[in-house]
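Dear colleague,

I am handing over the structure we spoke about, and below it I set out what was found when the atoms were examined. Please have the sequence and the view open side by side as you read.

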Amino acid sequence: MKLNSRKPLYALTLPLMVALFISCKNQSKSQEEQTAQTPEPEESEWIYLFDGTSTEGWRGYNMETLPPGWIIKDSTLTFDTELGMEQDYKGGKDIIYGAEEFENFELYMEWKLPEGGNSGIFYHVKEGYDGPPVVSPEYQLIDDENYARIHDLTAYNTSLGYTDKPEELKPLQQTGADYAMHPPKADKTLHPVGEWNSSKIVFTPEKVEH
């Protein structure tokens, strides 16, 4: 995960079951050669939020430290799903990068989910609430193909007013959506569970792009 900051967003939160590949803070020439196929802004414009070895700057939402379950494994920041399913987990689920605040930004990330996984990236987060969804928009990350098969969505979708096929995952709930607000592009590229995907969020005073 790397962020091109034009002015000092607040924090980024990650709920349960997302693994992120996040670049190191200061790119060397050898690192630049490895990523030369991806055009990037000048090196000095990027702030790298995770270097694959340290969780410095990261902590739980409304917490001072990382909650149990969030670990570094194979150079990725990930949740240890051996602790149980999301609905059974009692510790904090949401983590934020709180070392700096950002306002207008470009965030690039690489991520993957387990089968049936459900996660997201919240931005312009403020603490002091019950959770990030109360106060911030969400870039949805979910297993589009398998989530509805594994989880019963009927009651939840019915409560939202979906009467036509409420058992299905709706476009406003799918990966890349501004959750419950704007659906993702129909031509998005989404790899199967267990494979790496990439996403970008661009926030300016004029508009937000997923």
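Arg 59 is a good place to begin: its relative accessibility is 19%, and because the cut-off for buried is under 20%, this residue counts as buried. Please keep in mind throughout that the model is a predicted one.

**Salt bridges**

The structure holds 4 salt bridges, and three of them are described here. General chemistry gives the background, in that side chains of opposite charge can pair when their charged atoms come close.

Arg 59 takes part in one of these salt bridges, its partner being Glu 127, and the closest N and O atoms of the two are 2.8 Å apart. Since Arg 59 belongs to strand S5 (residues 58-60) while Glu 127 sits in the loop between strand S10 (118-122) and strand S11 (138-142), the pair ties together parts that are 68 residues apart in sequence. Glu 127, with a relative accessible area of 24%, is partly exposed, whereas Arg 59 is buried.

A salt bridge is also formed between Lys 200 and Glu 106, where the closest N and O atoms lie 3.5 Å apart. This pair again links distant parts of the chain, with Lys 200 in strand S12 (residues 197-203) and Glu 106 in strand S9 (residues 105-112), 94 residues apart. Lys 200 is partly exposed at a relative accessible area of 40%, while Glu 106 counts as buried at 13% relative accessibility.

In a further salt bridge, Glu 115 is joined to Arg 149, with 2.7 Å between the closest N and O atoms. Glu 115 lies in the loop between S9 and S10 and Arg 149 in helix H2 (residues 147-150), so that distant parts of the chain, 34 residues apart, are linked by the pair. Arg 149 is exposed, its relative accessible area being 56%.

**The surroundings of Asp 143**

Glu 115 appears again among the residues that Asp 143 touches, which, leaving aside residues up to four places away in sequence, are Leu 113, Pro 114, Glu 115, Gly 116, Gly 117, Leu 169 and Val 193. Asp 143 is found in the loop between S11 and H2, and at 4% relative accessibility it counts as buried. As for Leu 169, which is 26 residues from Asp 143 along the chain, the C-alpha atoms of the two are separated by 9.7 Å.

**The hairpin of S6 and S7**

Strand S6 (residues 70-73) pairs with S7 in the antiparallel sense over 4 bridges, and Trp 70 has Phe 79 in S7 as its bridge partner. The hairpin has 2 residues between the strands, and Asp 74 takes a positive phi near 50° there. Strand S7 (residues 76-79) is covered on both faces, with Thr 76 and Thr 78 buried on one side and Leu 77 and Phe 79 buried on the other.

**The largest pocket**

The largest pocket has a volume of about 500 Å³. Its lining is made up of 21 residues, and those that lie nearest its centre are Tyr 139, Gly 176, Pro 184, Lys 185 and His 210. At least two residues of this lining are supplied by each of S12 and strand S13 (208-209), and the largest share, 3 residues, comes from S12. By character, the lining residues divide into 8 nonpolar, 8 polar and 5 charged.

With best wishes

Conventions: Residues numbered from 1 in each chain as written. Predicted model: local features only at pLDDT ≥ 70, side-chain atom pairs only at ≥ 80, totals over all residues. Heavy atoms only, no water. Buried < 20%, exposed > 50% of the residue type's maximum accessible area, 1.4 Å probe, protein only. Pairing = 2+ DSSP bridges. Salt bridge = Lys/Arg side-chain N within 4 Å of Asp/Glu carboxyl O. Contact = heavy atoms within 4.5 Å. 1 Å grid on protein atoms, 1.4 Å probe; cavity = no way out; pocket = protein on both sides within 12 Å on 5 of 7 lines; lining within 4 Å. Points joined across faces, edges and corners; volume = space filled by probe spheres on them. Nonpolar A, V, L, I, M, F, W, Y, C, P; charged D, E, K, R; others polar.
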